[in-house]
Amino acid sequence: LQVTGRIEEIVSALLSFSRPSEIRKVRHDLRETLEESLELISFQAKTQNINITKDFLSSPLSVQGDKSQLKQLFLNIFLNSIQAMPSGGEMKVEALLKDGRKAVVAVSDTGEGIPEQNLDRIFDPFFTTKKGGTGLGLSICYNIAKSQQGDIEVRSRVGQGTTTLISLPSL
């Protein structure tokens, strides 16, 4: 039964990767999408002794984008951060406006970090260093960011943690 569940998980990830759903762009406050995604991982973070801090722009951070796809993108990034800190740590989520035209979300953690030789491959489909990982999570994130006319970048140092930067056009 456990194998069947794992197969379903892999097939679902493959379908998400190969056949992205129709994009429904609507104007919304990106801070709300971030809050909803954080709510989904809050229990897991708490049970793993991970402290989450938020530093959001005080005024609305309006974007024109597919809210459910952006939620999936942030959820994947948050889960990666949590998985990089199995013994606890800090995750900081910042949301700000850059140059008056870009909504930027920075997700930083105090996790294990990514070896430099792997950084160039992290968005490649099926590349993973996680036991039991599909290697599709960050590929899906990359595709979502690009479909929203945005960008995604990862900076990391082994033993010091990782910061993922997502930028999206703001309104």
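## Helix packing, ring pairs and selected contacts

Once neighbours within four places in sequence are left aside, Ser62 is in contact with Arg27, His28, Ser170 and Leu171. The model in which these contacts occur is a predicted one. Ser62 itself lies in strand 3, which covers residues 62–65, and with a relative accessibility of 15% Ser62 counts as buried, the cut-off for that class being under 20%.

Helix 3 (residues 67–83) takes part in two helix packings, one with helix 2 (residues 30–47) and one with helix 5. Two packed helices are described by the angle between their axes and the distance between the axes, and the table sets out these values for both packings.

| Helix pair | Angle between axes | Distance between axes | Crossing |
|---|---|---|---|
| Helix 2 and helix 3 | about 40 degrees | 9 Å | right-handed |
| Helix 3 and helix 5 | about 145 degrees | 9 Å | left-handed |

Helix 2 and helix 3 pack at an angle of about 40 degrees, which makes helix 2 oblique to helix 3. On the helix 2 side, the residues that meet helix 3 are Leu30, Glu32, Thr33, Leu34, Glu36, Ser37, Leu38, Leu40, Ile41, Gln44 and Ala45, while helix 3 contributes Lys67, Leu70, Lys71, Phe74, Leu75, Phe78, Leu79 and Ile82. Divided by class, this contact of helix 2 with helix 3 has 12 nonpolar, three polar and four charged residues.

In the packing of helix 3 with helix 5, Gln69, Leu70, Gln72, Leu73, Asn76, Ile77 and Asn80 of helix 3 meet Gly137, Leu138, Ile140, Cys141, Ile144, Ala145 and Ser147 of helix 5. The residues of this contact comprise eight nonpolar and six polar ones, with no charged residue. Leu70 of helix 3 is listed in the contact with helix 2 and also in the contact with helix 5. Within helix 5, Leu138, Ser139, Ile140, Cys141, Ile144 and Ala145 are buried, and just after this helix Gln149 takes a positive phi of about 60 degrees.

How many aromatic pairs does the model contain? The count comes to two. One is formed by Phe74 and Phe78, which are stacked, with 6.4 Å from centre to centre and 25 degrees between the planes. Phe74 and Phe78 both lie in helix 3, four residues apart, or about one turn of the helix, and both are buried. Each of these two phenylalanines also belongs to the set of helix 3 residues that meet helix 2.

In the pair of Phe123 and Tyr142, the ring centres are 5.4 Å apart and the planes stand at 40 degrees, so this pair is tilted. The pair links distant parts of the chain, since Phe123 is in the loop between helix 4 and helix 5 (137–147) whereas Tyr142 is in helix 5, 19 residues apart. Is Tyr142 buried, partly exposed or exposed? With a relative accessible area of 31%, Tyr142 is partly exposed.

A further set of contacts involves Gly113, which is placed in the loop between strand 5 (102–109) and helix 4 (116–119). Not counting residues up to four places away in sequence, Gly113 touches Ser156, Arg157, Val158, Gly159, Gly161 and Thr162. Gly113 and Ser81 are separated by 32 residues in sequence, and their C-alpha atoms are 9.4 Å apart in space.

Notes. Residues numbered from 1 in each chain as written. Predicted model: local features only at pLDDT ≥ 70, side-chain atom pairs only at ≥ 80, totals over all residues. Heavy atoms only, no water. Axes fitted to C-alpha atoms, helices over the stretch in contact; angles between N-to-C directions. Parallel < 35°, antiparallel > 145°, perpendicular 65-115°, else oblique. Left-handed = near helix turned anticlockwise from the far one by under 90°. Contact = heavy atoms within 4.5 Å. Nonpolar A, V, L, I, M, F, W, Y, C, P; charged D, E, K, R; others polar. Phe/Tyr/Trp six-rings, centres within 6.5 Å; stacked < 30°, edge-to-face > 60°. Buried < 20%, exposed > 50% of the residue type's maximum accessible area, 1.4 Å probe, protein only.
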